Amino acid sequence: MEKPVAFAVAAHPDDIEFMMSGTLMLLGECGYELHVMNVANGNCGSAVEDGPATAARRFGEAQEAAAAMGATLHPPLTNDLEILYSLPLLRGLGAVMRAVRPTVVLTQSPADYMEDHMIACRLAVTAAFSRGMRNFITDPETPPVAGEVAVYHALPYGLCDGFGHPVRPDFCVDVESVLARKRAALACHRSQKEWLDTSQGLDSYLVAMEDMCHETGRRSGRFNCAEGWRRHAHLGFSEPGFDPIAAALGARVCNVPDQTGDQDGGRPERKI
């Protein structure tokens with residue numbers, strides 16, 4: 001029997017490690033084969049090096065981080081700030097999606113402070129949606145695949161949308177047992193720590209990640225350290241009750257009650 005596959009897709013090197021890697025590694029501990037991909041190469045993430053040198057350095061760091069997570073890394077498709085909802089990128093990501101054949105797709109929030117993040121999310125959703133469409137041609141051309149897939153959206157960096165409003169997760173995953181591994185994977189992105197310290201005044205790259213985990217755990221009402229998730233609608237992807245994260249992680253998952261008064265509508269109760 002083939003292993004189930006979890007595929008994390010994000011915009012830039014370190015986005016996965018910040019917001020998704022704990023859940024990804026827990027799935028790995030449950031027997032999942034892990035794959036990761038950054039749509040962009042990180043070429044804008046330096047105040048001192050040129051674009052090609054920065055991209056090369058960051059790909060090396062991404063390889064180290066993937067190894068730390070126990071995941072296979074797939075090469076990027078474009079430069080930073082050039083992630084557009086375009087046919088070339090969709091064909092490229094669609095080919096990887098079909099080759100990987102994931103059961104679980106982890107991707108970024110559709111509400112985020114940065115366009116690259118939101119468009120990478122849209123590309124990942126459409127690549128998963130079109131996985132079985134024989135008349136959609138990928139690049140390289142890859143045969144369509146069958147099977148259910150569940151798409152989950154991580155919380156945005158900063159836990160807020162582009163207007164500064166908190167983004168509430170549907171459920172949280174307890175990642176305390178893998179926090180040290182999450183920290184080690186993020187620490188591989190040494191050049192990004194330097195860049196964010198310079199460009200955004202982020203005094204402690206690793207502490208910022210841990211602070212968001214602890215805040216998400218507080219919002220869960222149950223866990224000390226957590227990652228938050230929203231489940232994409234099942235339509236076009238799976239049967240309504242297909243929820244492989246809940247099935248794999250069990251008691252490490254808890255629903256999050258609506259305590260914010262936000263007006264994003266109700267959501268179906270997840271069975272854990």
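What follows is a conversation between a visitor and a guide about a predicted model.

Visitor: What makes F18 and Y205 an aromatic pair that is edge-to-face?

Guide: The ring centres of F18 and Y205 are 5.1 Å apart, with 85° between the planes, and because rings pair when their centres lie within 6.5 Å and planes over 60 degrees apart count as edge-to-face, both conditions are met. F18 belongs to helix α1 (residues 15–19) and Y205 to helix α8, so that the pair links distant parts of the chain, 187 residues apart.

Visitor: Why are F18 and Y205 called buried?

Guide: Buried means under 20% relative accessible area; F18 has a value of 5% and is therefore buried, and Y205, with 1%, is therefore buried as well. Ring pairs also join F18 and Y205 with Y113 and Y157 into a cluster.

Visitor: What makes F129 and F237 an aromatic pair that is edge-to-face, and why does the pair tie together parts of the chain?

Guide: Their centres are 5.5 Å apart, with 70° between the planes, and since the cut-offs are within 6.5 Å for a pair and over 60 degrees for edge-to-face, the name applies. F129 lies in helix α5, while F237 lies in the loop between β7 (226–231) and α9 (244–249), so the pair ties together parts 108 residues apart in sequence.

Visitor: Why is F129 called partly exposed, and is F237 buried or exposed?

Guide: Partly exposed covers what lies between the cut-offs of under 20% for buried and over 50% for exposed, so F129, with a relative accessible area of 37%, is partly exposed. F237, with a relative accessible area of 5%, is therefore buried.

Visitor: How do you know that the charged end of R231 sits over the ring of Y152?

Guide: The charged end of R231 is 5.5 Å from the centre of the Y152 ring, which is inside the limit of within 6 Å, although the definition also asks for a position within 35 degrees of the ring normal. R122 likewise lies over the face of Y85, at 4.2 Å from the ring centre.

Visitor: Why is A111 called partly exposed, and what is A111 in contact with?

Guide: With a relative accessible area of 25%, A111 is partly exposed, because this category lies between under 20% and over 50%. A111 is found in the loop between β4 (104–107) and α5 (115–129), and, when neighbours within four places in sequence are left aside, its contacts are M118, P156, D161, V167 and R230. The C-alpha atoms of A111 and D161 are separated by 5.1 Å, although these residues are 50 residues apart along the chain.

Visitor: What makes the phi values of D14 and L81 worth pointing out?

Guide: Most residues other than glycine have a negative phi. D14 is not a glycine, yet has a positive phi of about 100°, and L81, also a residue other than glycine, has a positive phi near 65°. D14 lies in the loop between β1 (5–10) and α1, and with 3% relative accessibility it counts as buried, whereas L81, in the loop between β3 (71–74) and α4 (87–100), has 61% relative accessibility and so counts as exposed.

Visitor: What is said of the peptide bond from D139 to P140?

Guide: This bond is cis, with omega near 5°, and P140 is found in the loop between α5 and β5 (150–154). Most peptide bonds are trans.

How values were computed
Residues are numbered from 1 along each chain as its sequence is written. This is a predicted model: local features need pLDDT of at least 70, side-chain atom pairs count only at pLDDT 80 or more; totals for chains, interfaces and linings use all residues. Side-chain values use heavy atoms; hydrogens and water are left out. Helices (H or I, at least four residues) and strands (E, at least two) are DSSP runs, numbered from the N terminus. Buried means under 20% relative accessible area, exposed over 50%, partly exposed in between (1.4 Å probe, protein chains only). Contact means heavy atoms within 4.5 Å. Rings of Phe, Tyr and Trp (its six-membered ring) pair if their centres lie within 6.5 Å; planes under 30 degrees apart count as stacked, over 60 as edge-to-face and the rest as tilted.
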